Amino acid sequence: MKVDTERKKVVLDNGEEIEYDRLLISTGAEPKIIPQFRRGGNVIGVRSIEDADRLRKVRGGRVIIIGAGPVAVETAIALKRIGLIR
């Protein structure tokens, strides 16, 4: 696939061209965990319901949220509601 922004067209691998007025590219995201943080084993990247379930089971100690994107903010709000952070 190729995006031709001057002609406002997306060219598919089969050669088909699709015109657009506005183009939104949403590629998804994946948590990036800094290698130094992996050593302790208590690092959870939140991306799925399963990740949230693992996080919900954490008891005791402190929780630190690294990130300021929408997922981090929503995670902080949810953790506050269930009493894992102040």
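## Lys-9 and its salt-bridge network

In this predicted model, Lys-9 is buried, because its relative accessibility of 16% falls under the 20% limit for that class. The residue takes part in a salt bridge with Glu-17, in which the closest N and O atoms stand 3.2 Å apart. Through salt bridges with shared partners, Lys-9 belongs to one network together with Asp-4, Arg-7 and Glu-17. The structure contains three salt bridges. As a general matter, side chains of opposite charge can pair when their charged atoms come close.

Which residue besides Lys-9 forms a salt bridge with Glu-17? The side chain of Arg-7 does, with an N to O distance of 2.9 Å. Arg-7 sits in the loop between β1 and β2 (9–11), whereas Glu-17 is placed in strand β3 (residues 17–19), so this pair ties together parts of the chain that are 10 residues apart in sequence. Glu-17 has a relative accessibility of 38% and therefore counts as partly exposed. Arg-7 is likewise classed as partly exposed, because its relative accessible area is 43% and lies between the limits of 20% and 50%.

## The surroundings of Asp-4

Asp-4 is located in strand β1, which spans residues 2–4. Is this residue buried or exposed? Asp-4 is buried, because its relative accessible area is 16%, and the class of buried residues takes in values under 20%.

Two interactions connect Asp-4 to Arg-7. Their side chains meet in a salt bridge, with 3.4 Å from N to O. In addition, a polar atom of the Asp-4 side chain lies 3.1 Å from the backbone nitrogen of Arg-7. When neighbours within four places in sequence are set aside, Asp-4 is in contact with Lys-9 and Tyr-20.

## The chain as a whole

The secondary structure of the chain consists of three helices and three strands. Read from the N terminus, the elements follow the order β-β-β-α-α-α. Of contacts between residues at least 6 apart in sequence, 12% join residues at least 24 apart.

Buried residues account for 14% of the 86 residues in the chain. The accessible surface amounts to about 7800 Å², and carbon and sulfur atoms contribute 53% of that area.

## The second largest pocket

The second largest pocket encloses about 170 Å³ of space. Its lining is formed by Val-46, Ala-52, Leu-55, Arg-56, Val-71, Glu-74, Thr-75, Ala-78, Leu-79 and Ile-82.

Which helix gives the most to this lining? Helix α3 does, with five residues. At least two residues of the lining come from each of α2 (49–56) and α3 (70–81).

Note on methods. Residues are numbered from 1 along each chain as its sequence is written. This is a predicted model: local features need pLDDT of at least 70, side-chain atom pairs count only at pLDDT 80 or more; totals for chains, interfaces and linings use all residues. Side-chain values use heavy atoms; hydrogens and water are left out. Helices (H or I, at least four residues) and strands (E, at least two) are DSSP runs, numbered from the N terminus. Buried means under 20% relative accessible area, exposed over 50%, partly exposed in between (1.4 Å probe, protein chains only). Contact means heavy atoms within 4.5 Å. Accessible areas come from the Shrake-Rupley method with a 1.4 Å probe; for residues, only the protein chains shown count as cover. A polar contact is a pair of N or O atoms within 3.5 Å; within protein, one must be able to donate a hydrogen and the other to accept it, and residues adjacent in sequence count only if both atoms are side-chain atoms. A salt bridge is a side-chain nitrogen of Lys or Arg within 4 Å of a carboxyl oxygen of Asp or Glu. On a 1 Å grid over the protein atoms alone, a cavity is a set of points where a 1.4 Å probe fits but cannot get out, and a pocket is an open set with protein on both sides within 12 Å along at least five of seven lines; lining residues have an atom within 4 Å of a point. Grid points are joined across faces, edges and corners, and a volume is the space filled by probe spheres set on the points.
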